[in-house]
Every structure is written in C-alpha cells, then in structure tokens.
Amino acid sequence: MNLLPSEDDIALRKVAGDVARRFGHKYFAEKIAAGEPIDELWNALAEVGFLGVSLPEEYGGSGGGLWQLAIIAEELAAAGCPLQLLVYSQSICGNILAKYGTEEQKNRWLTGLVTGRIKFSFAITESDVGSNSQNLATQVRAVDGGYVLSGQKTFISGVEHADAILVVARTGTDERTGKGLLSLFVVEADAPGLSRTVVPTALVAPDKQWALYFDDIRLGPDSLIGELHKGFKPMFDGLNPERVLTAVFSTGIGRYALDKATAYVNQRQVWSVPIGAHQAVAHPLAEAKIRLEAARLMTEKAARLYDAGLPAGETANMAKFVASQAGVDCLDHAIQVHGGNGFTLEYGLTDLWWLARLVKVAPVSSEMVLNYVAEHSLGLPKSY
C-alpha cells in the first residue's frame with residue numbers, strides 16, 4: 001500500500017470537501033429538524049459524478065473502487081454531513097449488484113444509482129436473530145416460475161427514500177449443517193404486501209429506522225440477485241464495504257469534532273490564556289487525534305485490500321472496531337472541552353452523539369468483531 005496519496009485521490013478529496021462544506025452541518029441539521037430529505041446535497045453529489053465513483057463505467061459510473069467512495073464519505077462526515085445513505089445504497093447494494101446482477105438488472109438499477117435517480121435500502125436485520133444471519137426467519141419460496149416473500153425485518157434504514165430494497169432471505173436449509181441457505185432479492189418499495197412502521201430511536205439523522213412486514217409478496221424470477229441458495233458470499237461482498245464505509249463515517253465525525261474542539265480551545269480564554277494551553281484539555285484531544293489517525297490508516301488498508309480483490313474481512317472488521325471507538329472518543333472530548341456549550345445545538349456537536357455511538361453497535365457490534373478476530377486472526381476456539 002502506497003502511503004503517499006495519489007494526485008487523483010488528493011483532487012477527489014478536495015472536491016468532495018468543497019461540495020460538503022458548501023452545505024455543512026447547519027444545512028444537515030436544519031433538514032433533519034424539518035423532516036426533509038437531503039435532496040440538494042444528494043443532487044450535488046450526483047452532478048459531480050460522486051454517486052457512481054465506485055460503480056462500473058459501462059453503467060455510467062467512474063469505475064473507481066471502494067477507497068474512492070470512502071474518501072467522499074469521510075469528507076462529507078468531516079463537514080458535519082454523515083450520509084448513511086451512501087453506506088447502504090451505493091456501497092452495499094451497488095457493490096452486490098455490480099458483482100452479481102444480470103446484465104438486465106445492472107442496466108435497470110446501476111444506471112439509476114449512478115445518477116441518484118434510484119436509491120436502495122438493504123434489509124437483513126431481524127429482531128430475534130441478531131448477528132446469526134444463517135438463522136434468518138424471513139423466507140422466500142419458489143412458486144409458479146417466481147417467488148413469494150414472507151416475514152419481517154427491523155432496524156432497516158432509509159426505507160422512506162428508497163425505490164427498492166435488497167432483501168436477504170432464507171430459501172432453504174442445508175441438510176448437513178441445519179443452517180439456513182440464503183438468497184438475495186430486489187423488492188420494489190411499493191410492492192403489494194409490503195408494509196412498514198417507524199422504529200422510534202434517539203438518532204438524529206436524515207434516515208428513519210423501520211420495521212418491514214412482507215405479507216406473501218409475489219416476486220418475479222428477475223428479482224433474484226446471484227444464484228439461488230448461494231447468497232452468503234454476495235452478502236459479505238456487500239457487508240465488508242459496509243464496514244469500511246461505517247468506519248469512515250466514524251473517522252469523518254471524529255475529524256469534524258476535533259476541528260470544532262481545537263478551534264474552540266484556541267480562542268476560549270479563562271484566566272487570561274486559551275484553555276488549550278492546559279494539559280488537562282490538550283492531552284485528551286491529542287490522544288484522540290492519535291487514535292483517529294490509526295483508525296484512518298487501518299480503514300484505508302481495508303478499502304485497498306477489497307479493491308485489489310484480496311481477503312478484506314479481517315481488516316474491514318478491525319477498521320470498523322477502531323474507527324467506531326475513535327469517532328466516539330473525538331466527539332466526547334470535543335463536547336467536554338466545550339463545557340455547557342457542548343450540549344447546545346448551536347455548537348453542532350451533541351446532535352451527532354447517537355450517530356457516532358451507533359457505529360459501536362451496527363452494522364456489527366464491537367463484541368462480534370472481537371469474536372471474529374479471536375477466532376479467525378488468533379486461532380482461538382469459537383465462543384458462540
């Protein structure tokens with residue numbers, strides 16, 4: 001891995017930062033408070049080709065990789081506009097469709113993702129399953145040349161903005177292991193038999209969380225992505241990019257928080273000197289900066305391994321783990337050095353708290369990352 005950024009990466013980061021700062025956290029917060037989508041920012045990203053940066057050129061994309069999308073996502077978060085939609089629409093669903101979709105599916109869906117005309121949501125989580133995806137209860141059965149989908153999902157992001165949902169469902173059981181056989185299906189957001197309810201959370205974000213109910217939804221044969229019963233690998237070809245994108249979601253928030261904190265402690269004076277001159281203020285911020293840069297380096301490694309077609313599961317999980325901690329640390333210290341001001345909406349910190357804290361739980365909990373590393377990296381006995 002070349003530790004010196006390429007000229008293209010430098011230029012991409014600059015343009016992405018310029019676009020993000022044109023809107024900034026004030027715009028982001030106002031849209032959320034009004035319950036409105038961030039359409040202006042989304043359209044601006046589409047205009048400069050950023051929504052298709054990691055998607056194939058033959059469908060209108062730029063043919064870049066996960067690392068280029070990660071640069072854009074981090075710059076947005078660093079400007080106070082962390083966009084979850086990039087994670088599940090462009091990263092998870094875009095990657096899966098590009099790798100496993102048929103020519104017809106790619107022409108239908110990828111061209112819309114590139115222009116921002118189409119948005120996807122991703123549905124895997126179920127309330128009684130947790131991280132055990134092979135025990136999913138939502139099922140699809142084959143009938144009359146098509147399929148029927150039944151079951152329910154929870155904590156599904158951004159369904160209110162989605163044109164389609166990529167659903168992970170059980171299509172059978174492995175007779176040898178007893179584990180579920182998984183497949184991936186595209187379900188249009190207005191499909192008959194699909195209903196939804198909001199899951200109230202403390203998150204302050206443009207995207208709501210939803211519970212979805214699939215009441216015997218009829219699906220055509222062209223709804224299947226990849227091969228029947230062989231959805232496990234395609235699923236992780238979407239989930240590893242998800243871990244990288246949520247990692248830069250965290251590091252971007254961390255950068256945003258440290259920028260706010262350092263500006264504040266340099267100008268805020270008590271007893272005739274800036275409070276940043278005191279080690280009790282400066283040292284926690286310095287430690288947070290060190291952890292943040294370590295997380296950024298691990299995240300870049302994960303993205304570059306994925307783009308090179310090499311195994312990226314270990315580094316993607318590690319990146320998500322260290323980045324989620326670094327993001328929370330940076331934001332927490334930024335709030336602390338602001339004192340009471342840190343809790344006011346005017347200073348633009350406290351409203352990001354639950355978004356930063358979320359990444360320690362989702363898309364995979366820190367505990368499950370440790371289980372993965374213990375088993376796969378250290379060769380320890382499986383603990384679950």
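Helices (H or I, at least four residues) and strands (E, at least two) are DSSP runs, numbered from the N terminus. With that in mind, Ser157 sits in strand E3 (residues 146-157).

Before going on, a word on the model. It is predicted, so local features need pLDDT of at least 70 and side-chain atom pairs count only at pLDDT 80 or more, while totals for chains, interfaces and linings use all residues. Residues are numbered from 1 along each chain as its sequence is written, and side-chain values use heavy atoms, with hydrogens and water left out.

**Two residues to look at**

Accessibility has three classes: buried is under 20% relative accessible area, exposed is over 50%, and partly exposed lies in between (1.4 Å probe, protein chains only).

| Residue | Strand | Relative accessible area | Class |
|---|---|---|---|
| Ser157 | E3 (residues 146-157) | 15% | buried |
| Pro274 | E10 (residues 273-274) | 28% | partly exposed |

Contact here means heavy atoms within 4.5 Å. Neighbours within four places in sequence aside, Ser157 is in contact with Tyr88, Ser121, Lys208 and Gln209. The side chains of Ser157 and Gln209 also make a polar contact at 3.0 Å. Such a contact is a pair of N or O atoms within 3.5 Å; within protein, one must be able to donate a hydrogen and the other to accept it, and residues adjacent in sequence count only if both atoms are side-chain atoms.

With the same neighbours within four places left aside, Pro274 is in contact with Val265, Asn266, Arg268 and Gln269. Pro274 and Tyr264 are 10 residues apart in sequence, and their C-alpha atoms are 9.0 Å apart in space.

**Helix H6**

Helix H6 covers residues 232-267, and 27 of its 36 residues are buried.

How values were computed: Expected span 1.5 Å × (residues − 1).
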